[in-house]
Amino acid sequence: MTSKTDVILVVDFGGQYCHLIARRIRELNVYSEIVPPNITVDEVRELISSLNVKGMILSGGPSSVYEPGSPKIDPQILDMGLPILGLCYGHQLIAHLLGGEVKRGNRQEYGVAHVTIDKPVGVLRGLDRTENVWMSHGDTVQSLPGEFEVLAHTENCPVAAYRHLRKPIYGLQWHPEVVHTEHGTLMLRNFVFEVCGCEANWRPSSLIDEKIREIRKGVGEGRAIIALSGGIDSSTSAIIAAKALGKKLTAVFVDHGFMREGEPEFVKRTFEELGVKVIVVDARNRFFQKIRGVTDPEGKRRIIGREFIRVFEEIARETGAEHLIQGTIYPDRIESGFRKHSDKIKSHHNVAGLPTRIEFKTIIEPLRDLYKDEVRKLAEALGLPDEIVHRQPFPGPGLAVRIMGEVTPEKVELLRRADRIVSEEIERSGLNDELWQYFAVLTDTKSTGVKGDARAYGYVVAIRAVKSQEAMTASFAELPYKILERISTRITNEIPSVTRVVYDITHKPPATIEWE
Ligand code: XMP
């Protein structure tokens, strides 16, 4: 987001699709930024003058506008001449704030609804007389304030879309950002280009300059530190931070002992070649001691997260860093339950583990609003090597959450070998480009086998391979049996203590991608 690119602000009322709205706008090559409902008129004015803010979208949300304490925006924002589009809760809120009536509907609408377009103007220009749209609401706008007109209705919803007669203010009861709204992209295009007059001149790479500025401003004359895992998120953040701060940045790679084969060496070599100062901390003993005897998955995550921070804090003190840069991306935050209305699924290492004993002056998360595939585009634009850009995601707690039950150095070694075989075979087959992740899991089940002529009793290894867009959902990959057979044969031959290999055929949901 530079001063030359146009910006759409998205006000977050807690709806599950809020970030999707911002993402859809970015897909139209217009930058969008998410802001909280309590943003003031002065702050909006400030943003309009510091950035090219051309419009605002009010997101959906789980509350009812007439409930006391439900989130609202300052009504004066509706009076600034700024084009505004309300979606679902946002649609109801505009009507409510300006004197219309919002009530619990006689019938709720969830799923695809057929809407009749009464007037195909503005946001609705170019639409058919009836459209399939995605609805998810209990409340409806029953009557509009005087200066508004109805643009669309459904059987259950008299005011499914409206516009102000003199101001560029629109409301849609449905969700154009969801793919099930057939012409949703056209509706957003209409708003962004026709109503707001934006130019499609933003590219993911434009973010780089903006983020460099943000980091420089945050860190000022101080020094910063970043935990580098070698995954795409922390790598991309580290490169941007290094561009912003040069020698004032220290990247720290903590080897907790749960890394894949060759990982610490790879990270050090790659980043040094890219001109980033990296400290590799060998903390393997510390972590093994702490995690000894722990079998509970969240317990493991907590201990590893906490210890990681202790190590990290020590280095931060040694380097005199007062600022922390993190590679957190949007799905990490939502799955860790950072938003009021979203449930915690598991403690993502880089989110749950914010430093507690060190008071960093600022914590900067340059990628906080991006999805993984957007980070990939950014990494490509930054010229990061292919091995990093197309690297599989790897959880912060590493192999420890792929070993069911107690984690021991022997089990880690065994899993490392199995994991290498999975990678080698999948990469040799060329299927890796189509997969989000592929890895081995060491279960805590033992099973009988026969090796040579003797009975064997050994470990069961599971193979997980999934396809996904952004890890919020995933489907198990239909790997050819020939490849699974090669993997299974190699693992049982090359690792004597394994007697059985199984394939995980569960989608996410209901399973998560990682086993713990
Ligand atoms: P789940 O298992 O929740 O994983 O479906 C979704 C994606 O996130 C990765 N993952 C993590 N990434 N820190 C991370 O940076 C973590 O603690 C963590 N746990 C899971 C996982 O590999 C998958 O790509």
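Modeller: Before we look at any sheet, take one rule with you: two strands pair if DSSP finds at least two bridges between them. Keep in mind as well that this is a predicted model.

Biologist: With that rule, in what order do the 5 strands of the open sheet with parallel pairing stand?

Modeller: Reading across the sheet, the order is β12-β11-β10-β13-β14, and the pairing is parallel. The edges are taken by β12 (278–282) and β14 (362–364), each of which pairs on one side only, and from one strand to the next the twist averages 25 degrees. For a single pairing, look at β10 (residues 224–227) and β11 (residues 249–255), which are joined in the parallel sense over 4 bridges; there I226 stands opposite A251 in β11.

Biologist: Which strands does helix α6 lie across?

Modeller: Helix α6 (residues 232–245) lies across β10, β11 and β13 (323–325), and its direction is at about 165 degrees to that of β10.

Biologist: Turning to the sheet of 9 strands, is its pairing parallel or mixed?

Modeller: The pairing in that open sheet is mixed, and its strands follow the order β2-β1-β3-β4-β9-β8-β7-β5-β6. Because β2 (31–35) and β6 (130–143) stand at the edges with a single partner strand each, one side of each has no neighbour in the sheet. Here too the twist from one strand to the next averages 25 degrees. Within this sheet, β4 (residues 84–87) and β9 (residues 169–172) run parallel and are joined by 4 bridges, with L87 opposite L172 in β9. Helix α3 (residues 89–97) lies across several strands, including β4, β5 (101–117) and β9, and runs at about 115 degrees to β4.

Biologist: Now to empty space: how many cavities of 30 Å³ or more does the structure hold?

Modeller: The general idea is that rolling a probe the size of a water molecule over the atoms shows where empty space is left. In this structure there are 2 cavities of 30 Å³ or more. The second largest cavity holds about 30 Å³ of space, and its lining is made up of Y31, L207, K211, P366, L367, R368, D369 and L370. By class, that lining has 5 nonpolar and 3 charged residues, with no polar ones.

Biologist: And for the second largest pocket, which residues are the closest to its centre?

Modeller: The second largest pocket contains about 850 Å³ of space. It is lined by 29 residues, of which H390, R391, Q392, E427 and Y438 are the closest to the centre. At least two lining residues come from each of α7 (263–273), α12 (372–381) and α14 (409–429), and α14 gives the largest share, 6 residues. When the lining of this pocket is sorted by class, it has 18 charged, 7 polar and 4 nonpolar residues.

Biologist: Finally, aromatic rings: how are the planes of F258 and F287 set, edge-to-face or stacked?

Modeller: For such a call one needs a cut-off, since ring planes over 60 degrees apart count as edge-to-face and those under 30 as stacked. The count of aromatic pairs in this structure comes to 7. The F258 and F287 pair is edge-to-face, with 90 degrees between the planes and 6.3 Å centre to centre. This pair links distant parts of the chain, 29 residues apart, for F258 is in the loop between β11 and α7, whereas F287 is in helix α8 (residues 284–291).

Notes. Residues are numbered from 1 along each chain as its sequence is written. This is a predicted model: local features need pLDDT of at least 70, side-chain atom pairs count only at pLDDT 80 or more; totals for chains, interfaces and linings use all residues. Side-chain values use heavy atoms; hydrogens and water are left out. On a 1 Å grid over the protein atoms alone, a cavity is a set of points where a 1.4 Å probe fits but cannot get out, and a pocket is an open set with protein on both sides within 12 Å along at least five of seven lines; lining residues have an atom within 4 Å of a point. Grid points are joined across faces, edges and corners, and a volume is the space filled by probe spheres set on the points. Ala, Val, Leu, Ile, Met, Phe, Trp, Tyr, Cys and Pro count as nonpolar, Asp, Glu, Lys and Arg as charged, and the others, Gly among them, as polar. Axes are lines fitted to C-alpha atoms, for helices over the stretch in contact, and angles run from 0 to 180 degrees between N-to-C directions. Contact means heavy atoms within 4.5 Å. Rings of Phe, Tyr and Trp (its six-membered ring) pair if their centres lie within 6.5 Å; planes under 30 degrees apart count as stacked, over 60 as edge-to-face and the rest as tilted.
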